[in-house]
Structure formats: structure tokens, C-alpha cells
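Reader: I'm new to this structure and would like to look closely at one small part of it. Could you start there and then show me what lies around it?

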Amino acid sequence: MKIDSAVLHHLSMPLVSPFETSFGRETDRECVLIELRSEGLVGYGECVATRDPGYNYETTGTAMHILKDFVLPLILGVDVKDAADFQMRVSGIRGHHLAKAGVEMAIWDLLGKRSGKSLREMLGGVREKVEVGVSIGIQESAQGLVRTAADFIEQGYARVKIKIKPGRDVEDAVAVRNAFPNLRLQVDANSAYSMSDVPALKPLDKLNLLLIEQPLFEDDIWDHHKFQEQFETPVCLDESILSPRHARYAIEMNACRVINIKAGRLGGLSQGVMVHDLCLERSLPVWCGGMLETGIGRASNLALASLPNFVLPGDVSASDRYYARDITNERFVLNPDSTIDVPSGPGLGMTIDQEALKLFTLNELPIVASS
């Protein structure tokens, strides 16, 4: 499959409401939409890097640079056979997983459109709909958090994740648990704590949480082992798992009992499948994390979450959770059983709303193969 040309679209999209985590507050979400052309077909991928280096070191600015100057020159004008071939070609570029994953997603979209197969089929997914939950950012107060959670529960979400940080953790979680005793509830720290905070966090163990996500530094798998030893609640790793190798480290160290799989963080859907397969072999449950994706990235997440070991609800909420208007013509809707349907069309199964794409584009960069 010869890649003829590419276009990078640097987007900024207004969120329905601000989203705050331990590392910052977003009112608009930036990302990079990657458009690849091959044999008369167009494939789309989403690089989930955002404006600031909060989640990790990548930003939309660094992604545009790495994609333009390093990743795309390795595949433009070249016959790229599949995702494994792509990964081999970019293996000399250290890191920059979010950028690589966006291109790999577009390659999967092209492969599916060429073969007439959906991404779910190509990845080996077994579900036509997947169980999902909602992620709630830090609110102005514990009472405000309860009101927000109540609204999402009323909409039909059966699992709620709340963001926590020092000073906004146990009290918030207790308030939600007291209001909703039977709710499937989990908390996410985004690396906001250290081992010295364990005593202050111990009350979380009494709240019947599904999991505590990424409490410690993103590069410290060993301390997560020590943290997990002191908690009955399962620890889930997110930022710490950058590759199938990191997943193996975490499992062998008993650093967690659950892993959050994000294809972007791992460098591509193919790497996400590898972590899924490893965890399935080791009987460790996984779930699909979210990065406030557009309909393009959301379709990819749903296909990935259709694999058999995704046994916990993912952060793949309905389109209207984040965007009044998306860049795709198709919108994802929450089913009454707290699931969302996996797209069944070729590739990602999505089409672009070109008017919306133009509206949200900050910068557009066409790239062709060098002669």
C-alpha cells in the first residue's frame, strides 16, 4: 500500500464543559488529525497529544514537528504493508508514541477501506458494543462533584471515574460513594502522589472502589509495587505503561492488578493489542482509557475495547459528553445499558464533516513524498 501524500490538521475544539485533572484545566482540546492518501483512498488517524505537556512530554506542537520531519518522510512514497511494517520503519525514532500512534491509526483505516473490513474485525474484536463509563474532572466542590455525577448517572452511565489530587481526594470520593452506594466507582490521580501520601489515601480502601489509577510518578513502577502492597483496592497503571515491555515489568513486579490500555500512549493499536494479549495470558484485566478524542479516535478506542480481555468499562463516553459539534458526521450515543456500539463500516467506519474540520483547524500542513 503506497502512501502517496499526507495532510496534518492542527485542531482546537471547544469542550462542552471544562475538564480539570491534577495537571491542569482544559476548556478547548487541541489534537492533530492525520490524513493519509493511498491508491485513491483516504485514511484518518488522531494524534491525541494536546496543547500542554501535562499528560506526557508530547504536545500538538512537538507532534507536528516529529510527524512532518521524521515520521512521515519514512513512509511517504513507500509501500507500507501493515502496522508491523510501519512500526519497524519508525523504530529508530525514540519515544513520541502519540505521534506514531496517530499515523498507525490512519494506516489501519486505509487497510480496512481497501479490504472492506472494519477495524474491529482486523483487530480481532469479539463485541459489537462495549461497556463504557464517564470520567469526571475535578469540580469546584465535593457537592458539585456529586451533582455532576448524578447528572451522568441519570444519562445512563453505570460507571464513574473521578479525578483526584492532593486536597481533593478522599473527601470527594466519600461524598460520591455516600450518595451512590452501589455505583461502580474508581479514582484517577494522574501521578499526583508519592509514597509519603499513603496514610492520607488509605481511607480509599474502605469505599469499594473498582481501582485506584496511577497514584504515583509515571516512571516509577517499583514504588507502585510498594503502594499496591498496602492497599486492598486494585492499583491500575496508565502513564507508567509505555510498551508491552513495561506491562511485563509491572505484572512481574506485582505493581498493579489492572492495566489501562491507551493505543496513543503505547505507540499504536498494534502495541495495544500486544499488551491486551499479554494481560490476557497473565489473567490481568484491562480497560480502554480515553484522551477526550474526536469521533476518529473514539471509533478507534471502541474497536480496541471490543477485544475479549477488556472486561472493565472504558473511558469512551458518548460524543456529546465532550463536543457539541464533532469533526465526524457520525456521533456516538450511549445505549440504555451503558454501552456504545462499535463502528462496523470499513476501517474506522467514520466520515469527516469537512465544514467542521475547517472550522476547528488552526493550521493545515500538506506533505508529499520527496522526489
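Reader: Leaving out residues up to four places away in sequence, which residues does Ser319 touch?

Author: Before we zoom in, keep in mind that this is a predicted model: local features need pLDDT of at least 70, side-chain atom pairs count only at pLDDT 80 or more, and totals for chains, interfaces and linings use all residues. Numbering runs from 1 along each chain as its sequence is written, and side-chain values use heavy atoms, with hydrogens and water left out.

Now, Ser319. Setting aside residues up to four places away in sequence, Ser319 touches Arg298, Asp326, Arg331 and Phe332. Contact here means heavy atoms within 4.5 Å. You'll find Ser319 in the loop between α12 and β12 (339-341); helices (H or I, at least four residues) and strands (E, at least two) are DSSP runs numbered from the N terminus. Ser319 has a relative accessible area of 1%, so it is buried. (Buried is under 20%, exposed over 50%, partly exposed in between, with a 1.4 Å probe and protein chains only.) One of its partners, Phe332, deserves a second look: its backbone nitrogen sits 2.7 Å from a polar atom of the Ser319 side chain. A polar contact is an N or O pair within 3.5 Å, where, within protein, one atom must be able to donate a hydrogen and the other to accept it, and sequence-adjacent residues count only if both atoms are side-chain atoms.

Ser319 has company as a buried loop residue. Asn190 is found in the loop between β7 (184-188) and α7, and its relative accessibility is 7%, so it counts as buried as well. The backbone there has something to show you: Asn190 is not a glycine, yet its phi is positive, at about 50°. Gln214 tells a similar story. You'll find Gln214 in the loop between β8 (212-213) and α8, with a positive phi near 40° although this residue is other than glycine. At 0% relative accessibility, Gln214 counts as buried too.

Follow the chain into α8, residues 221-229. At the start of this helix, a side-chain oxygen of Asp220 comes within 3.4 Å of the backbone nitrogen of Trp222. Further in, the buried residues of α8 are Ile221, Asp223, His224, His225, Phe227 and Gln228. What covers them includes α7 (198-201), β9 (235-237) and α9 (244-252).

From there, hop over to Cys279 in helix α11 (residues 269-281). Cys279 has 0% relative accessibility and so counts as buried. Not counting residues up to four places away in sequence, Cys279 touches Ile251, Ile259, Leu284, Val286 and Asn309. Pro244 is 35 residues away from Cys279 along the chain, and the C-alpha atoms of the two are separated by 9.5 Å.

Ile259, on that list, takes us to the nonpolar core (buried Ala, Val, Leu, Ile, Met, Phe, Trp, Tyr and Cys joined through side-chain atoms within 4.5 Å). The largest such core has 88 residues, and Ile259 is among those with the most contacts inside it, together with Leu123, Leu204 and Ile296. Leaving aside neighbours within four places in sequence, Ile259 is in contact with residues including Cys236, Leu237, Ile241, Ala247, Val275 and Trp287. A second, separate core of 32 residues includes Leu8, Val32, Tyr55 and Ile75.

What about the empty space? On a 1 Å grid over the protein atoms alone, a cavity is a set of points where a 1.4 Å probe fits but cannot get out; a pocket is an open set with protein on both sides within 12 Å along at least five of seven lines, and lining residues have an atom within 4 Å of a point. The largest cavity is lined by 17 residues, with Val48, Met105, Ala263, Gly264 and Asn301 nearest its centre. At least two lining residues each come from α3 (97-115), α10 (263-266) and α12 (295-304), and α3 gives the most, with 4.

As for the largest pocket, 38 residues line it, and Phe19, Phe23, Glu26, Thr50 and Leu292 lie nearest its centre. Two or more lining residues come from each of β1 (5-21), β2 (24-38) and β6 (159-163). The largest share, 6 residues, belongs to β2. The second largest pocket is lined by 19 residues, and Asn56, Tyr57, Glu218, Glu239 and Leu242 are the closest to its centre.
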